[in-house]
Amino acid sequence: LLMTEEGYATHVLSDTVYLNDREDERVLYGVETGAMSKADQLVIERRLRPIYDAIDAGNPKKAVQEADKVLKKHPVTICAKVLKALALIRSDKLADGFEIINTLDVPGAHFDDSTLQAFVHCFKEAGCPDRITTLYERAVAVSPTEQNLTHLFMAHVRNRSYKNQQLVAMRLFKEFNNTPYFFWGVMSIVMQARDSPEMGAKMFYPLAARMVENRISKHGYKAGA
């Protein structure tokens, strides 16, 4: 099973609000798209569409202008802030872009998938793959959904963090009982073996083989499963 990241422009867009936590500090939480009416989602999509269009057209200056228009009327639209940061990064204004990002990407923040994907594009453009991993570690801590865990697995894949891949893959398999996740875990062990041939021969290859053998003996083998 091959999981790929969807482009940010294909997602349903959502807004965000500020809430106070028990210590009365301002903490960001995203409004889940499922908690909004379809009409609300369409309003937000229309609100952000000019920013996406400008980014897709390769016009970051216009994207910043469109983001500023949205934020003037709706100052807590977090996705607009992240898209503005992306446009600034594409305008070679890295420091300005990360000034925005670093105020938003904090522990406890809850973002919808559209906003998370906008962050991902920022970090990819800036050459910061470790920040993508941290982003999804925080997302999983707040909302351990299958989608967030899958994105975290892929972040570890990009960083060649094979042990962490294995841990996330087995968590996915344990929590969602989807057979491909089991084999993601097995292949992560194989990658550790290839990365360390001596330990591979002693531990990783035998472990991977036993896992597959036990799986087949208990559940059989089905092509494509």
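# Exercises on a predicted model

Salt bridges link Lys62, Glu66 and Lys69 in a network; a salt bridge is a side-chain nitrogen of Lys or Arg within 4 Å of a carboxyl oxygen of Asp or Glu. The model is predicted: local features need pLDDT of at least 70, side-chain atom pairs count only at pLDDT 80 or more, and totals for chains, interfaces and linings use all residues. Residues are numbered from 1 along each chain as its sequence is written, and side-chain values use heavy atoms, with hydrogens and water left out.

**Exercise 1.** State over which residues pLDDT stays under 50.

Solution. pLDDT is the predictor's confidence in each residue, from 0 to 100. The protein averages 85, and 83% of the residues score at least 70. The stretch under 50 is residues 1–34. Where pLDDT is low, the predicted coordinates should not be read in detail.

**Exercise 2.** Find the salt-bridge partner of aspartate 68 and place both residues.

Solution. The count of salt bridges comes to nine. Aspartate 68 pairs with lysine 84, and the closest N and O atoms are 2.7 Å apart. Aspartate 68 lies in helix 2 (residues 60–73) and lysine 84 in helix 3, so the pair ties together parts that are 16 residues apart in sequence. Helices here are DSSP runs of H or I with at least four residues, numbered from the N terminus. For accessibility, buried means under 20% relative accessible area, exposed over 50%, and partly exposed in between (1.4 Å probe, protein chains only). Aspartate 68, at 34%, is partly exposed, whereas lysine 84, at 19%, is buried.

**Exercise 3.** Do the same for aspartate 105.

Solution. The partner is arginine 138, with the closest N and O atoms 3.3 Å apart. Aspartate 105 lies in the loop between helix 4 (94–104) and helix 5 (113–126), and arginine 138 in helix 6 (residues 129–142), so the pair ties together parts that are 33 residues apart in sequence. Aspartate 105 is buried at 6% relative accessibility; arginine 138 is partly exposed at 24%.

**Exercise 4.** Describe the aromatic pair of phenylalanine 111 and phenylalanine 119.

Solution. Rings of Phe, Tyr and Trp (its six-membered ring) pair if their centres lie within 6.5 Å; planes under 30 degrees apart count as stacked, over 60 as edge-to-face and the rest as tilted. By this rule there are seven aromatic pairs. Phenylalanine 111 and phenylalanine 119 form a tilted pair, 5.0 Å centre to centre with 55° between the planes. Phenylalanine 111 is buried at 9% relative accessibility, and phenylalanine 119 is buried at 0%. Both belong to one aromatic cluster with Phe98 and Phe123.

**Exercise 5.** Name the residues that touch the most other members of the largest nonpolar core.

Solution. A nonpolar core is a set of buried Ala, Val, Leu, Ile, Met, Phe, Trp, Tyr and Cys residues joined through side-chain atoms within 4.5 Å. The largest one has 58 residues, and those touching the most other members are Leu48, Ile51, Ile101, Phe119 and Tyr136. Helix 3 (residues 78–90) gives the largest share of this core, ten residues. Contact means heavy atoms within 4.5 Å. Beyond four places in sequence, the contacts of isoleucine 101 include Ala85, Ile89 and Phe119.

**Exercise 6.** Locate phenylalanine 153 and list its contacts beyond four places in sequence.

Solution. Phenylalanine 153 lies in helix 7 (residues 146–158) and is buried, with a relative accessible area of 6%. Phenylalanine 153 touches Gln165, Val168, Ala169, Trp184 and Ser188.

Technical notes. Helix = DSSP H or I, 4+ residues; strand = E, 2+ residues; numbered from the N terminus.
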